[in-house]
Amino acid sequence: MQEASDSDPTPAVTRLREQPDWGYLFREFYEMYRHSSAGGSTKIRSHQRTVRETLSKVLDSDPPLQFEKPDHKPVCAHLKRALDEGRLERTATVIRAIESVQHQLSWRFGYEKLPRGLSQKYAYAELMGPTGPAVSDGLILGLVLFAPKCTYPAHSHDGITESYFCLSGSVSENDDGVFAPGSLIFNPPGRNHRITTGEHEPSLLAYAWTGSKERLAEPGMKFSRLKKPKT
Ligand SMILES: [Fe+2]
């Protein structure tokens, strides 16, 4: 079997049942989407149900787990603090499950063009999706990490319904309130959203994307508006 790297003993391709820590992590996601309140919103309740039902089917199928070489980005210097803080919150069981797989995560930028400074303050790691690690064509799950004082510029997702769960720190979206650990932010397809983070602590969010297989296969990540680079 092919190895992910010389130093990492994780096989490049395996099955979910052979990596129980990943199964426990997805179980935590399932419980998060089962027990969290929809706040009386029919649309949010429907999205939570879609995430749970799709996730349940994926887990029952014992999907392939395919790992890229673990990769870090500069913002990962804040990951320990984000996990430490999250362990004190109601999201603690999710945080512990993340800690069990963090050595296998591949942190990325995703965008072709990043605004100045964002490369130091942002990265995401996919957990499930068409390109893995857990292979699924109907659901994308992942983590996004922000440094303190970060502005994640406005963007939207055509044909994709998105939710962010705050796991650690606090964020605001479009200046609409402050979301602390345990809060869910809901973005229907096409909604423009911009995220800002607190001044002193990093923020760790879990996200889920649902949509058609075609949209999830090519989500086309781009910011709505980028400042022209100074020449
Ligand atoms: Fe988003």
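Here is a conversation about how the terms used for this predicted model follow from its values.

Visitor: What should I know about the model before we start?

Guide: The model is predicted: local features need pLDDT of at least 70 and side-chain atom pairs count only at pLDDT 80 or more, while totals for chains, interfaces and linings use all residues. Residues are numbered from 1 along each chain as its sequence is written, and side-chain values use heavy atoms, with hydrogens and water left out.

Visitor: Which atoms make up the protein donors of the iron ion?

Guide: They are H155 (NE2), H157 (NE2), E162 (OE), E162 (OE), Y164 (OH) and H193 (NE2). Donors are N, O and S atoms within 2.8 Å of the metal (3.2 Å for Na, K and Ca). These atoms lie 2.2 to 2.6 Å from the iron ion, so they count as donors. Water is not among the atoms, so sites may look incomplete. Along the chain the donors follow the spacing H-x1-H-x4-E-x1-Y-x28-H.

Visitor: Why is the site of the iron ion called irregular?

Guide: Four donors count as tetrahedral if all angles lie between 85 and 135 degrees; four count as square planar and six as octahedral if opposite donors are over 155 degrees apart and all others between 65 and 115; anything else is irregular. The iron ion has 6 donor atoms, with angles of 52 to 159 degrees among them. An angle of 52 degrees falls outside what six octahedral donors allow, so the site is irregular. For reference, ideal angles at a metal are 90 or 180 degrees for six octahedral donors.

Visitor: What makes H155 and E162 buried?

Guide: Buried means under 20% relative accessible area, exposed over 50%, and partly exposed in between (1.4 Å probe, protein chains only). H155 has 1% relative accessibility, so it counts as buried. E162 also has a relative accessible area of 1%, and is therefore buried.

Visitor: What makes a set of residues a nonpolar core?

Guide: A nonpolar core is a set of buried Ala, Val, Leu, Ile, Met, Phe, Trp, Tyr and Cys residues joined through side-chain atoms within 4.5 Å. The largest one here has 45 residues, and those with the most contacts inside it are W22, F26, F29, W107, L143 and L204. Helix α1 (residues 20–35) gives the largest share of this core, 7 residues. Helices (H or I, at least four residues) and strands (E, at least two) are DSSP runs, numbered from the N terminus. Apart from that core lies another, of 20 residues, among them L118, Y122, I195 and L205.

Visitor: Which residues is F26 in contact with, beyond its neighbours within four places in sequence?

Guide: F26 is in contact with L16, L55, L59, L127, M128, A134 and L141. Contact means heavy atoms within 4.5 Å.

Visitor: How do you know that E126 has no salt bridge?

Guide: A salt bridge is a side-chain nitrogen of Lys or Arg within 4 Å of a carboxyl oxygen of Asp or Glu. E126, in strand β4 (residues 122–129), is buried, and the nearest side chain of opposite charge, R108, is 4.2 Å away. Lys and Arg count as positive and Asp and Glu as negative; His and the chain ends are not counted. The distance of 4.2 Å is beyond the 4 Å limit, so E126 and R108 do not qualify.

Visitor: Why do R194 and D175 count as a salt bridge?

Guide: The N to O distance between their side chains is 3.8 Å, and the limit is 4 Å, so the pair qualifies. R194 lies in strand β11 (residues 193–197) and D175 in the loop between β9 (171–173) and β10 (184–187), so the pair ties together parts that are 19 residues apart in sequence. R194, at 32% relative accessibility, counts as partly exposed, whereas D175 is exposed at 59%.

Visitor: What separates R34 and E31?

Guide: They are 3 residues apart in helix α1, so about one helical turn separates them. Their closest N and O atoms are 3.1 Å apart, in a salt bridge.

Visitor: Which peptide bond is cis?

Guide: The one joining G132 and P133, with omega about 0 degrees. P133 is in the loop between β4 and β5 (134–135).
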